[in-house]
Amino acid sequence: MKNKRLIIPFLILGCAAVSCNKDFLERLPQTEISPEAYFKTPKDLETYIYGLYDENLSAPYDDNNSDNVSGNTGGELDKLVRNTLDPTTVGGWDNWNQLRNINFMLDNVGKTQGDPADINHFVGVARYFRARFYAEMIARYSDVPWYSHAMNDVDPSLYKGRDPRAAVADSVLADLQFAVDNIKVDKKDNGTRVNKFTALALMSRFCLFEGTFRRYQPELKLDNTADTWLKKAVWAADQIMTNGGYEIYNTGRGGADYRDLFSSLTLSGNKEIIQWRDYPQSLGKGNNTHTVLGWTWSLSQSLVYSYLMKDGTPFTSQPGYDKMGFVATFKDRDPRLAETVSYPGFSTTQDASLYIPKPNLGAYDQLKFYPRDPKQRGGWDANYTALPVYRYAEVLLNFAEAKAELGELSQADLDKSINLLRRRVQMPDLNLVAANGNPDPVMNNQYTINSANKGVLLEIRRERRVEMACEGLRLKDINRWRAGARIKEIPAGMYVPALGGIDMSGDGVPDIAILPNTTDTTSIAGLPADVRAKLNRFYLVDKNGAENNFYLENGTSGHILFASDRAGRFFKEPQFYYRPIPKQQTVLNDKLKQIMGW
């Protein structure tokens with residue numbers, strides 16, 4: 001192994017820059033435990049499983065690298081749409097040690113003595129984690145090497161090539177089915193551990209992804225198997241809906257109930273939460289959710305325009321919708337908009353000191369997941385808010401979409417799924433006949449759907465985007481729907497009617513000013529002196545004469561756009577629905593071949 005830095009599955013990472021030490025590579029995972037002295041009882045399995053949670057259970061709180069975000073440059077998606085992502089610049093393919101740790105336990109569980117039901121429970125949890133790992137790998141790479149055992153550096157299978165997507169997906173489903181059949185429901189668990197319904201939630205998500213990806217991606221030549229996966233998605237969701245005891249959190253407070261799912265100290269006892277991650281202040285274990293608000297990104301105009309009006313009609317059907325200013329954009333909208341995007345009059349300090357969004361990021365700053373109570377915010381790694389991993393809301397969305405794709409959706413299905421989400425925030429129900437009879441023309445131009453259920457599928461996609469915004473699923477949705485045009489479209493921020501002062505708080509008094517440069521203040525000359533003095537000023541051209549990072553689409557008016565997009569954005573189909581393997585990996589293992597044009 002000397003002089004190699006190949007990221008090899010199942011080898012402990014951390015080799016020195018020049019060479020890998022053989023003794024280091026043969027160290028065992030989980031603090032170098034000895035399998036001969038361990039894995040003797042179910043309690044040993046339980047202790048080992050605890051070590052898998054942190055590295056295998058993410059809880060996203062943003063949609064970076066998707067069309068829901070604007071103003072964020074430098075990420076993988078930015079490289080992709082600027083055509084600078086390739087095997088020499090891509091990251092990834094470096095997380096195989098997670099899988100080794102899982103397989104290490106599965107390899108040694110034969111030594112365990114005890115109640116077979118207890119043993120199979122922990123085997124089910126480990127196989128759930130393996131399924132979760134591979135579900136992510138399939139979504140990113142499609143064909144990937146399948147390893148069911150922890151291997152060492154002399155195993156001949158270590159340098160294998162990719163296994164076919166269909167075979168790997170079948171193995172993922174087999175892991176999930178074992179997990180569903182064997183993981184117990186622990187009544188003492190408060191929702192932070194993997195249980196039977198956690199596995200079913202992942203099954204519903206994965207099967208919906210796989211079924212729709214196969215349906216809309218003809219290059220795979222798997223479209224004839226799509227319905228099988230969609231039916232399994234329905235089955236998994238229905239198991240949760242029928243037997244899980246979960247329900248949409250709805251106490252009658254509208255948007256405030258939605259907010260509580262993302263900014264509470266704890267989610268224990270919340271019947272919508274299938275699984276969550278705890279960040280207890282008492283243990284000093286925090287997260288970085290404060291960074292969502294005006295740090296390096298804002299949310300996109302496209303997302304903001306997706307939210308319906310309070311009466312259930314599309315915002316895009318309002319006369320002059322695309323020329324409404326910041327304050328007007330929030331008027332009479334689905335309450336989830338003001339729980340997701342910082343709205344006029346929002347205060348981080350819960351007093352008269354108002355938060356004013358920044359136009360140089362687009363001005364639609366993310367609010368969802370931001371700790372509302374200042375006592376919950378302590379800085380870096382010091383925000384104490386519980387984060388959902390799986391919500392019952394997503395299960396209902398999976399159920400409705402899979403049924404609609406299968407052509408089996410009924411109004412009764414909508415009433416026990418999508419309409420429960422709408423009723424939580426006091427929005428009108430979705431009507432199947434009306435949606436199919438009059439598809440929204442704006443959304444119809446955004447997505448390609450060949451189905452008698454086109455209208456309702458469009459509305460289900462809208463509902464999914466709105467309900468699940470900033471929960472890390474949007475790019476996967478774009479990919480499985482073959483909707484690369486959403487990524488290619490240049491993201492925009494708020495509409496600016498003219499240079500000069502702009503009211504952002506809703507009190508009629510300008511809070512910011514967008515000016516042509518640092519010396520031209522003509523557009524704010526007529527404002528009272530005290531108002532001018534308080535304005536936060538932003539310039540299209542800085543003091544050195546250089547263009548700023550943002551501009552207005554019509555020069556002195558229009559939606560905020562970003563200088564990084566002036567040259568346009570690219571999207572190559574089907575190539576960009578997949579990611580390349582880093583070149584160094586294909587050089588060191590010549591059996592790993594790039595796919596889909598990479």
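Which residues does H559 touch, not counting residues up to four places away in sequence? In this predicted model, H559 has its place in strand β10, which covers residues 558–562, and the residues it touches, once those up to four places away in sequence are set aside, are Q301, Y305, D322, A492, G493, M494, Y495, Y551, L552 and E553. The relative accessible area of H559 is 7%, and because buried means under 20%, H559 counts as buried. A525 lies 34 residues from H559 along the chain, and the C-alpha atoms of the two are separated by 23 Å.

A second buried position can be read in a similar way. S342 is found in a loop, the one between α13 (335–340) and β4 (387–391), and S342 is buried, with a relative accessible area of 1%. Leaving out residues up to four places away in sequence, S342 touches L293, F326, F330, Y355, P357, A363, D365 and L367.

From single residues we can turn to helices, beginning with α14, which runs over residues 392–406. Its 15 residues reach 21 Å from the first C-alpha to the last, close to the 21 Å expected at 1.5 Å a residue. Of the 15 residues of α14, 15 are buried, so this helix is largely enclosed by the rest of the structure. After α14 comes G407, whose phi is positive, near 75°.

One of the helices that α14 meets is α8 (residues 196–216), and the two pack at an angle of about 35° with their axes 10 Å apart. The crossing of α8 and α14 is left-handed. On the α8 side the contact is made by A201, S204, R205, L208, T212, R215 and Y216, and on the α14 side by E394, V395, N398, E401, A402, E405 and L406. Divided by character, the residues of this contact of α8 with α14 are six nonpolar, three polar and five charged. As background to such lists, an α-helix has 3.6 residues a turn, so residues three or four places apart point the same way.

Helix α8 appears again in the surroundings of α7 (residues 165–182), since what covers the buried residues of α7 includes α6 (116–141), α8 and α9 (226–243). The buried residues of α7 are R165, V168, A169, V172, L173, D175, L176, Q177, A179 and V180. With 18 residues, α7 reaches 26 Å from its first C-alpha to its last, close to the 26 Å expected at 1.5 Å a residue.

The last stop is the pair formed by α3 (residues 42–56) and α5 (residues 96–108), which pack at an angle of about 165° with their axes 10 Å apart. That angle makes α3 roughly antiparallel to α5, and α3 passes α5 in a left-handed crossing. From α3 the contact draws on L45, Y48, I49, L52, E55 and N56, and from α5 on Q98, N101, I102, F104 and M105. These residues of the contact of α3 with α5 divide into seven nonpolar, three polar and one charged.

Helix α5 itself is mostly covered, with eleven of its 13 residues buried, namely W96, N97, L99, R100, N101, I102, N103, F104, M105, L106 and N108. The 13 residues of α5 should span 18 Å at 1.5 Å a residue, and the end C-alpha atoms of α5 are 19 Å apart, which agrees.

Terms used: Residues are numbered from 1 along each chain as its sequence is written. This is a predicted model: local features need pLDDT of at least 70, side-chain atom pairs count only at pLDDT 80 or more; totals for chains, interfaces and linings use all residues. Side-chain values use heavy atoms; hydrogens and water are left out. Axes are lines fitted to C-alpha atoms, for helices over the stretch in contact, and angles run from 0 to 180 degrees between N-to-C directions. Helices (H or I, at least four residues) and strands (E, at least two) are DSSP runs, numbered from the N terminus. Angles under 35 degrees count as roughly parallel, over 145 as roughly antiparallel, 65 to 115 as roughly perpendicular and the rest as oblique. A crossing is left-handed if the near helix is turned anticlockwise from the far one by less than a right angle, and right-handed if clockwise. Contact means heavy atoms within 4.5 Å. Ala, Val, Leu, Ile, Met, Phe, Trp, Tyr, Cys and Pro count as nonpolar, Asp, Glu, Lys and Arg as charged, and the others, Gly among them, as polar. Buried means under 20% relative accessible area, exposed over 50%, partly exposed in between (1.4 Å probe, protein chains only). The expected span of a helix is 1.5 Å times one less than its number of residues.
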